[in-house]
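Please look through the structure shown below. The paragraphs after it go through some of its strands and one of its pockets.

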Amino acid sequence: GSQYGREATFIMVAVWALLATLALTGAAAVDTLALDGTPQSGSLSFNQYHYYVFNSSVSGDVTITTTVTGGSQYGVWTWIGSNYYPIDGRSDWNVGAIQGYPGSTVVGNIQPGLAYYVGVQGIGSPTDEYSITATLVPGDWVAPMVIEVGDMPVVSAITAYQYADFVFQAPANGNYSLDVYVERSGSTVYYQAARWPVIARLGNSLWTNKTTHSGAWMPLAINYVRNGTNITASVTSSRAMQFDIRARAL
């Protein structure tokens, strides 16, 4: 029907946006970032990017640390994307660093075999020098928690800057809602959805919403879903918190 034609149009728009991102960043060199803490280093001018990539045959948590070793007072910003090139304003994780204050973030529960791209962006002028490391602590991959459409809400929790992952299957063609109920939060809570096998993250999602409210169900409409489609969802925040989540047909 026409609703799935609109869905196909949306997908093509998303594809063109991705191609535009690749065109923007494709000219940049991409170096492999070892997961044993071996440093890479570079020098960046204002708004210049340098990209790295890492992947692993095993899961676990990867700590990315960027240290500014010289240059301006403004330092660098590090952006991380799961299977895409991140840029300022589109990433799954990000952290800043200035001289004397390294920036560190944890990319938790990495998917085995998936490429993670790390973009370091120069913020200062004329240049900033930096070093960057990635260190993997191996662990078992935690698959998304299965939730059933129309079932009772699931109670879950996250630590700061990490993702809680979920998946549900559409039992029929139609529109659905992913609802999040935040008990307490002192910061913005983001929740987003994508189609399996993509694990939903801030920068790669097809549907996204955010809330700072407590004590109310906040919906995320997921429209024009075909019967049997698996939809992944995730919730993240800059603070640890507990929340309820449910999926329902509209």
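Which residue in β8 does Thr78 stand opposite? The model is predicted, and in it Thr78 faces Val120 of β8. The two strands concerned, β5 and β8 (residues 116-122), pair in the antiparallel sense, with seven bridges between them.

Strand β5 has a second partner to consider. Five bridges connect β5 to β6 (residues 93-97), and these two strands also run antiparallel. One pair here is Trp79 with Asn94, its bridge partner in β6. Strand β5 covers residues 76-82, and six of its seven residues are buried, so β5 is largely enclosed by the rest of the structure. Buried here means a relative accessible area under 20%.

Asn94 appears again in the second largest pocket, where it is among the lining residues closest to the centre, together with Ser91, Asp92, Tyr190 and Leu202. The space in this pocket is about 360 Å³, and 18 residues line it. Two elements, β6 and β17 (230-237), each give two or more residues to that lining. By residue class, the lining has ten polar, six nonpolar and two charged residues.

Strand β17 leads on to a sheet. This sheet is open and has five strands, in the order β10-β12-β17-β14-β15, with mixed pairing. At its edges are β10 (145-146) and β15 (207-211), each of which pairs on one side only. Strand β10 runs parallel to β12 (residues 163-169), and two bridges join them. Within this pairing, Val146 lies opposite Val167 of β12.

How values were computed:
Residues are numbered from 1 along each chain as its sequence is written. This is a predicted model: local features need pLDDT of at least 70, side-chain atom pairs count only at pLDDT 80 or more; totals for chains, interfaces and linings use all residues. Side-chain values use heavy atoms; hydrogens and water are left out. Two strands pair if DSSP finds at least two bridges between them. Helices (H or I, at least four residues) and strands (E, at least two) are DSSP runs, numbered from the N terminus. Buried means under 20% relative accessible area, exposed over 50%, partly exposed in between (1.4 Å probe, protein chains only). On a 1 Å grid over the protein atoms alone, a cavity is a set of points where a 1.4 Å probe fits but cannot get out, and a pocket is an open set with protein on both sides within 12 Å along at least five of seven lines; lining residues have an atom within 4 Å of a point. Grid points are joined across faces, edges and corners, and a volume is the space filled by probe spheres set on the points. Ala, Val, Leu, Ile, Met, Phe, Trp, Tyr, Cys and Pro count as nonpolar, Asp, Glu, Lys and Arg as charged, and the others, Gly among them, as polar.
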